[in-house]
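Hi there,

Here is the structure I promised to pass on. Have a look at it first, and then read on for what turned up when I went through it.

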Amino acid sequence: MKRQSHLLTLPQMPFFCLPESVGIYRDEPDHTVTRAAGSLNNFNIHYVASGKGYVEIENVVHTLGPGEAVLYFPMQAQRYYTSEDDPWDVRWFHFYGSGLQNYFIERGFHKSQLWSIRQPSAYEEAHEALLYEAETHRMLKPAQLSTLTYSLLAVFVEQASALSDNKSNNSANRILELLPIMQQEAAQPFILEEWADRLGVTTYYFCKLFRNVMEMTPMDFVTRCRLQMAKQWLLDHKEKTIGQIAVEAGYPSVSYFNKRFMEHEGMTPSSYRRLYGV
């Protein structure tokens, strides 16, 4: 099964990025692509939703499975193909834009071609939105096309980690599974040893894993969750004092709560209330 939409390439455009083509190949056991270096002047990402396939890079064959992707820069040689016994469901899009080269290099995406997507559902939903728009309206709504392309790129940049061994990927998934629980329990005292015990690792390794996945420390994440709750409660519970909300958000010290709130929001909790007429 194929779904694909090929679009007009605009030589000059007022957008950061646009798609050249977008589509899905599913249950196509003969799917194979070979492009010589210098033959394609756009970026493209091929993401595997299910099944498996292969990517050849400098004569080395790499296997891609569900949740994994290959990123090609313009002019790179390309060789990829599906597995015959387990054909891949591959979601692809080609895209271009004058600022994309620096955008990817500044974020280190030139250092690897193979990536693992930490939350596949987010990527697949963004890809489907772009494909639907391209199929439905083609180039009638270029601003919408650009917005959806950037949305898909943003998910990729946020969620992609360089493909490494399975142990590292499994550890990243275990951190992601903890995030909703950490958010729910953010107002409780944060005890690092207890969270590390949930993963069966040392506190040092837990912090290392967490930083690799979230690009922040566990305490930074908890702080963001606490302040997010506090912001909502400041507006929803007008009868409560700043001190009461501070305690409920996990800050027995009102002065420390005010300090953290100021650091993140640029104003005190009282000023935040006044800003919204409370």
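**Around His31**

In this predicted model, His31 sits in the loop that links strand 2 (18–25) to strand 3 (32–35). Is His31 buried or exposed? Its relative accessibility is 11%, under the 20% cut-off, so His31 counts as buried. Its side chain makes a polar contact with the side chain of Trp88, at 3.1 Å. Beyond four places in sequence, His31 is in contact with Tyr25, Tyr80, Tyr81, Thr82, Trp88 and Val90.

**Strand 8 and its partners**

Three of those contacts, Tyr80, Tyr81 and Thr82, bring us to strand 8, which covers residues 78–82. Four of the five residues in strand 8 are buried, leaving the strand mostly covered. Strand 8 pairs with strand 3 in the antiparallel sense, over four bridges, and here Thr34 stands opposite Arg79. Strand 5 (residues 53–57) also runs antiparallel to strand 8, joined to it by three bridges. In that pairing, Tyr54 has Tyr81 as its bridge partner.

Just ahead of this, the loop between strand 7 and strand 8 holds Met75. Met75 is partly exposed, because its relative accessible area is 39%. Leaving out residues up to four places away in sequence, Met75 touches Ala37, Gly38, Leu40 and Asn41. For a sense of distance, Met75 and Phe210 lie 35 Å apart in space, C-alpha to C-alpha, and 135 residues apart in sequence.

**The nonpolar cores**

Which residues touch the most other members of the largest nonpolar core? They are Ile45, Phe93, Phe104, Tyr123 and Phe156, in a core of 34 residues. At least two residues of this core come from each of strand 2, strand 4 (43–50), strand 7 (68–72), strand 9 (89–96), helix 1 (100–106), strand 10 (114–117), helix 2 (120–137) and helix 3 (142–159). Helix 3 gives the largest share, seven residues.

Phe93 is a good place to start looking at this core. Not counting residues up to four places away in sequence, Phe93 touches Ser21, Val22, Phe43, Asn44, Ile45, Tyr123, Leu130, Thr149, Leu152 and Leu153. There is also a second, separate core, with 19 residues, and among them are Leu178, Met182, Leu199 and Cys225.

**Cysteines**

How many disulfides does a search of the whole structure find? The search finds zero. For Cys225, the reason is distance: the closest cysteine sulfur, in Cys207, is 16 Å from its own, too far for a bond. Cys225 counts as buried because its relative accessibility is 6%. Cys17 is buried too, given a relative accessibility of 0%.

**The whole protein**

Stepping back, the protein has 10 helices and 11 strands. Its C-alpha trace spans about 65 × 45 × 30 Å along the principal axes. Of its 278 residues, 44% are buried. The exposed area is about 14500 Å², with carbon and sulfur atoms supplying 50% of it. Among contacts between residues at least 6 apart in sequence, 73% join residues at least 24 apart.

If you open just one view, I would suggest the surroundings of His31, where the polar contact with Trp88 can be found.

Best wishes

How values were computed: Residues numbered from 1 in each chain as written. Predicted model: local features only at pLDDT ≥ 70, side-chain atom pairs only at ≥ 80, totals over all residues. Heavy atoms only, no water. Buried < 20%, exposed > 50% of the residue type's maximum accessible area, 1.4 Å probe, protein only. Polar contact = N/O pair within 3.5 Å; in protein donor to acceptor, adjacent residues only side chain to side chain. Contact = heavy atoms within 4.5 Å. Core = buried A, V, L, I, M, F, W, Y, C linked by side-chain atoms within 4.5 Å. Disulfide = S-S within 2.5 Å. Pairing = 2+ DSSP bridges. Areas by Shrake-Rupley, 256 points an atom, 1.4 Å probe, with all protein chains shown as cover.
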